[in-house]
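Q: Hi, could you walk me through this structure? I'm new to this, so plain sentences would help.

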Amino acid sequence: QWLRDELAGAQQRLQDSEQEVVTLEEQNRHLQFMSSIRKYDQDEPPLDEQDSSSNKETLEDLFPAEDEEQTPMSQPHHSSAAAAAQQGGYEIPARLRTLHNLVIQYASQGRYEVAVPLCKQALEDLEKSSGHTHPDVATMLNILALVYRDQNKYKEAANLLNDALAIREKTLGLDHPAVAATLNNLAVLYGKRGKYKEAEPLCKRALEIREKVLGSDHPDVAKQLNN
C-alpha cells in the first residue's frame, strides 16, 4: 500500500509539473506575441493629446453594428423578455469587449498590420481552448469581419460573418439577440456593396428577432428600423 501511495503521489507531481510547463509555455507565447506588436506603439502620443472627438466619430462609423450587439446586455431598462432570454444565455465576455475596443483603436488609426494579427491570434487561441463552434469564437469572427469590412475586403468579411451566424444559430438558437446582431452586420456589409436585395431580408429577420426578444419599444429595435 505504501508503494502504491508513493507511486500515485509521484504521478500526481509529474502531472502538476507538466501542467506548469504547459502554462508557462502558453504565457511565454502570449508575451512574445504582445512584444511583437508593442513596437507599433512606440512614439504614440498620449491619449489626452489625441483628438478624441474626431476619433469617436471614426469609431462609430467603423463599427456601428458590433456596438449595437452589446447594448442589450448593458442597458438597465431592457424588457423582461430580454432579461429572461439572457438568463442562462450568452453574454460577451469582458476580455472580448476589451479586445474589441483595442482592435477598434488600431483600426481607426489605419494600423491593420496590428489589428488583423491581434484578431487572428485571439481567434486561434479561442478555437484551441473552446472549439470552433463556441459563441466566443463567433464573436471574434464578427470582430475580424468588421476589420476586413473597413479594408473593403468584403468577400473575406462575408465568409467570416456567415460562419459566425451558423455558430450562433446552432449554439444560441435562431431567436437570440446575438444572431440578430450578426444578421445586421451581414446586412450592412451587403448594403456597402450595393446589394440591397440581399441586405433587406437580413435586416427584416434581425428586426423580427429584436422585436420578439426585446419588445417593440426597445432602442435596438429603433436602430434596426432605421437600418
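Q: Let's start in the middle of things: which residues does Met140 touch, leaving out its close neighbours in sequence?
A: Leaving aside residues up to four places away in sequence, Met140 touches Leu96, Leu99, Cys119, Ala122, Leu123 and Leu126. Please keep in mind that this is a predicted model.

Q: Ok, and what does Ala122 touch, with the same residues left out?
A: Again not counting residues up to four places away in sequence, Ala122 touches Leu99 and Met140. Ala122 is found in helix H6, and its C-alpha atom is separated by 9.9 Å from that of Leu141, although the two residues are 19 apart along the chain.

Q: Is Ala122 buried or exposed?
A: Ala122 is buried, because its relative accessible area is 14% and the cut-off for buried is under 20%.

Q: What about Cys119, buried or exposed?
A: Cys119 counts as buried, since its relative accessibility is 0%. Another cysteine, Cys203, also counts as buried, with a relative accessibility of 15%.

Q: How many disulfides are there, then?
A: The count comes to zero disulfides. In general, a disulfide is a covalent bond between the sulfur atoms of two cysteines.

Q: Back to Met140: which residues have the most contacts inside the largest nonpolar core?
A: Those are Val103 and Met140, in a core that has 46 residues. The elements that give two or more residues to this core are helix H5 (94-108), helix H6 (112-130), helix H7 (135-150), helix H8 (154-172), helix H9 (177-192) and helix H10 (196-214).

Q: And where does this core lie with respect to the domains?
A: It lies between domain 1 (95-153) and domain 2 (173-226), because both of them give residues to it. As a general point, nonpolar side chains in soluble globular proteins tend to be buried together.

Q: Zooming out, how many helices and strands are in the protein chain?
A: The protein chain has 11 helices and zero strands. Of its 227 residues, 39% are buried, and the chain exposes about 13,000 Å², with carbon and sulfur atoms supplying 51% of that area.

Q: Last topic: which residues of helix H11 are buried?
A: In helix H11, which covers residues 219-226, the buried residues are Asp220, Val221 and Gln224. They are on the same side of H11, because they cover an arc of only 105 degrees around the axis.

Q: Which residues are exposed on the other side of H11?
A: On that other side, Leu225 and Asn226 are exposed.

Conventions. Residues numbered from 1 in each chain as written. Predicted model: local features only at pLDDT ≥ 70, side-chain atom pairs only at ≥ 80, totals over all residues. Heavy atoms only, no water. Buried < 20%, exposed > 50% of the residue type's maximum accessible area, 1.4 Å probe, protein only. Helix = DSSP H or I, 4+ residues; strand = E, 2+ residues; numbered from the N terminus. Arc of directions from axis to C-beta. Areas by Shrake-Rupley, 256 points an atom, 1.4 Å probe, with all protein chains shown as cover. Disulfide = S-S within 2.5 Å. Core = buried A, V, L, I, M, F, W, Y, C linked by side-chain atoms within 4.5 Å. Domains from an automatic or database assignment. Contact = heavy atoms within 4.5 Å.
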